[in-house]
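Good morning, everyone, and thank you for making room for me on the agenda. I would like to walk you slowly through one protein model, beginning with an empty space inside and then turning to some of the elements around the chain.

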Amino acid sequence: MRPIQQRAASLLTASLALSATSAKLADRGRLHNSRKLKQQNQSKDSSSRLPDRPIEGQNYRHNLKQDTKAEARMLAEKKSGVRGAPQSTVTENIIPEVSDFHRHLSSQLTGCCTSYISYSASEMCSLYKQDCSTGDMPSHDSGDQDCSQAGLSFIGISFSVNTALGNPYSYQLCDQFPMENIIDRSYNYVMSMDEDGWLVGGGYKSFDYSGKMPYIDSSHTELLRIGSMDTSKGGTTIAQVYDAMNSISFAPFSIFPEYVKGGGGHHSGDNQNKGVPSGDVTLIVSVVNTYEDSQSYSTYEEFLDDLFDAMDAMGGGPCMDDHDTDPHVSMARGVKFKSSYHAQQYYYKANLEVAVWQAMYPKGVVIGSSGYASFPPNSGSKNKMYVGYGNLYFFFDRANITRAFTPYRDLTETESYYATLYAKGNAEKFYETTTTISFNYNKGSGSKDNKNQQYYEHNPYGWNARMAKHDMTDGWDLPPNCNQEGETFFGIPLSRKSDSKLLSTNSFQDQFDFEYLLDRNFTYITKFGTNHGWLVGETIDNGAGSIVDKDTAHIPIFYTGTTNPNMGGMSLENLIKIGKSINFGTLYIKPAFVFQDSDGSIKLQFEADPNSALGYLYSNLCKMIGISWNYDSPYNDLGFYTSCAMHAAGDRAKYGCGPENANSGGFCPQMTLAYRVKFRSTYHAANYLSRCNNYVDYWRSLYPSGVAVGTTSFCPNGGCLALFLNRYDVFYVFKPDLGGSWVEFMGESLAPTISPAPTFQGGCDNPHNMHLDKCFRKKHIRKASSVAWDSLGTVGQLSVFLLSFMASTLTISIFLARAKRRRRDGESYLGFFVRDIQGRKKKRKKLRKKVGRGLDEDLLSDDDEHYRNVPGRPGRSERSARSKSSKRSKSSSKSMRSRSKSASKRLSKMDDESVEGKSSKSRSRSKSRTRSRSKSVKRDKKDDDDAPSSRRQLV
């Protein structure tokens, strides 16, 4: 056997061993075309001539086996030159050529990336024109050689607010400054920002149209940067910070708002520093110097001296700053405005709000709130405390307050007035009278601030397909007709569940363990350029003070943009419908190499095979919902389109990155490990990347034709697609081959409910069919009462509720009125209710017996000797009640006398006295008769003339 055949045989054996159970078609169209070719070349093969062969189900699997045998038979005939060769010869003696093996794998099976099986990670890095031997270093160091790790922990003041449009879990720690009034949440001026969005004003919800990270409000100003929390790297422990703060006392500090400014641009490689500039938006504040007891130093200066002394006494590390931080509030980063005019309008509007604050608080104001909060946030009600005013907080990271420190005294009367001015609703007059800005806000530190900015305007037609490879620490350059950015995308989830994370998620794959690619001990790296650390999950006690996030590992495939249709995007509902309509094959991925890109982010590159199922999926997403560009327009049967996708309708996988592609499109599967990483030196960078790529070589040998990721509980067959609301949240999952879809959100999962996939035998009794829509409905059938209740709708349900409520209250009112009139002394309402029910039953029986004896007895009389008389209220109402009662008794007595006289002429004297005595006794004791009974007595009087004749006839 030739060496090349031996190599092909070994590769074939390895591939079959790894993917024998998942050899599914990635592109049914390619199989259909190949079958057409077979029909032309195999006119005598009846099984190949069938035009309508099934492509799913039992019959498909049977025909697939027949196709395999037929292909092996043809290959045997080709090698031996004899038609009709025995099949045993085929399976035992025939080894395909390398070209035949690669053709079969790349065009029919769902594997991928077989063109570079023998290439190592370093060689793949060269083919993709990346540098895997160098990395970014810090532009300057802190000057302290004993500090080997930069950190972000600090002591500061919080301006967090809880708003209706923000994250519902945000703290309300600032009642003085309505921070939501100085942000542009509606995108009237701002075009885009980094993935965190506005850091002030309440945070973001998970389903925000912009797709920003769903963080709580993290607005603050630093007073002292503690830095690293790792003592082995020169840091300070949390316990040392707590002990130092508890050992000192401080008065409430007043904060004065200065102005809002821009500056500190990012300028990532998205547009080669051309077009719309990006920068930060910052609120400048100052701590008011107050003096107590004729001291020469202000209370703030004394606090800083005491704090530094306390930190030194507790053994604070050298990574702590040697001076206080310039007070400011970072509002947003990587901000891109629609034009310089829009920027000017925004800064004027924001600073006009600051001018109102200055008018409200001419000498500053103590920050605080009258509510309650728990620190840290995951402690629930365990550490719930009254917030109060003038607190200082320890921030482990900008989104995680772990401890609050209260001042040693309460607010003075003046301080309390200003601290509660806005919360009490007394700010309206300041908004009415403040119409101009009395300070100069076009100033700053001299680094690209509001001062002397050149005119610019965003040109949407300068957009290109390569912008899909985006730096998430900067804003997007939006395409035409798109008025709002968005971070929603289709991708492959790669995150895993781990007990070492503060926040966790479900495991979406168990094929890759990315912990081997991280440097948690900071052996090679020295700092992160953002508040985010490792994106595959940060530990609670990470020394850098990075935001403690759950694992968010993923491969973005197609950025769909905002989900706000009014701003040019596509609604979330329609995106789900698009995902359900795409018939894609099992998604196989294969790691290529680890590198650091031009933006400083560490990424894991995956092979960009345009002929794989992943390439097929990308091309079809561009065809269906890509933006109209260069005379190419999207089309789909549903009629749903967007103007905010970051991919063109004419883009294809073959235009993406990689040696086989044109490197002009947006197809480039990558996974970001960390943003803006700084290495200690070029030597450390080379060693780190070499270590990572050695492990990538192991993965490449383990999965030579790629792997379809999944777990036994999530996408067990592998290769699923997910719809991400943002980098944080997976929302919807789609199985390949139209195998179903389901909701996967916040660690919860709902079973698939829609699937046009073929059914197995046995109907709904077969567990394999339980994910079908028919079987799901049959198993989870709803009760008729539940369906009827839902059919009423919101208005109908509310009407039924109100009607029931009104009927209940009316019944209770009637019962209370009756009980008030007839309840005995000392009798409970429950006892009266029982007695009243029993009395009514006895009364009905008694009436029936009286009717049987005769009609000469008064049926309207009742025995009230057991009822108590409730006296009326004293005063006018009592007198009127007595007068009415006396009138009723007189009229009643007159009526009885007339009736008794007429009856005495026709009845016996004994019966007459009995009836008259009994009726007069009954009416004398019922002084509180109702008006209806009084009327009935009058009617008896009117009918008195008719009564004798009728009685005479009966007697």
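Let me start with the largest cavity, which is lined by 30 residues, and if you want to find its centre on the screen, the residues lying nearest to that point are M472, H554, P556, Y559 and T672. Please keep in mind that what we are looking at is a predicted model.

Rolling a probe the size of a water molecule over the atoms shows where empty space is left. In this structure there are nine cavities of 30 Å³ or more, and the largest cavity has a volume of about 390 Å³. Which strands each supply at least two residues of its lining? They are β14, covering residues 554–561, and β17, covering 670–674, and it is β14 that gives the largest share, with four residues. If we sort the lining of the largest cavity by class, we count 12 nonpolar, 10 polar and eight charged residues.

Let me stay with β14 for a moment, since T560 has its place in that strand. Is T560 buried or exposed? T560 has a relative accessibility of 3%, and because buried means under 20%, it counts as buried. Leaving out residues up to four places away in sequence, T560 touches T488, F489, F490, L575, I625, T642, C644 and A645.

One of those contacts, I625, brings us to helix α13, where I625 is among the buried residues. Helix α13 runs over residues 613–625, and its 13 residues reach 18 Å from the first C-alpha to the last, close to the 18 Å expected at 1.5 Å a residue. Of these 13 residues, 11 are buried, so α13 is largely enclosed by the rest of the structure. The buried residues of α13 pack against β14, which we have just met, and also against β12, α12 and β19.

Helix α14 makes a useful second example, with 21 residues, 682–702, and a reach of 30 Å, close to the 30 Å expected at 1.5 Å a residue. Its buried residues are A685, Y688, L689, C692, N693, V696, W699 and R700. Why do they lie on the same side of α14? They cover an arc of only 125° around the axis, and that puts them on the same side of the helix. As a reminder for anyone new to this, an α-helix has 3.6 residues a turn, so residues three or four places apart point the same way. The face of α14 turned away from the buried side carries the exposed residues Y683 and S701, whereas the cover over its buried residues includes α6, β15, β16, β17 and β18.

My last stop is M193, in the loop between β2 and β3. Although M193 sits in a loop, its relative accessibility is 0%, so it counts as buried. M193 and G334 are 141 residues apart in sequence, and yet their C-alpha atoms are 5.1 Å apart in space. G334 is one of the contacts of M193 beyond four places in sequence, and the others include Y187, W198, D474 and E487.

To step back to the whole protein, 49% of its 955 residues count as buried, and it has 22 helices and 22 strands. Among contacts between residues at least 6 apart in sequence, 70% join residues at least 24 apart.

Note on methods: Residues numbered from 1 in each chain as written. Predicted model: local features only at pLDDT ≥ 70, side-chain atom pairs only at ≥ 80, totals over all residues. Heavy atoms only, no water. 1 Å grid on protein atoms, 1.4 Å probe; cavity = no way out; pocket = protein on both sides within 12 Å on 5 of 7 lines; lining within 4 Å. Points joined across faces, edges and corners; volume = space filled by probe spheres on them. Nonpolar A, V, L, I, M, F, W, Y, C, P; charged D, E, K, R; others polar. Expected span 1.5 Å × (residues − 1). Buried < 20%, exposed > 50% of the residue type's maximum accessible area, 1.4 Å probe, protein only. Arc of directions from axis to C-beta. Contact = heavy atoms within 4.5 Å.
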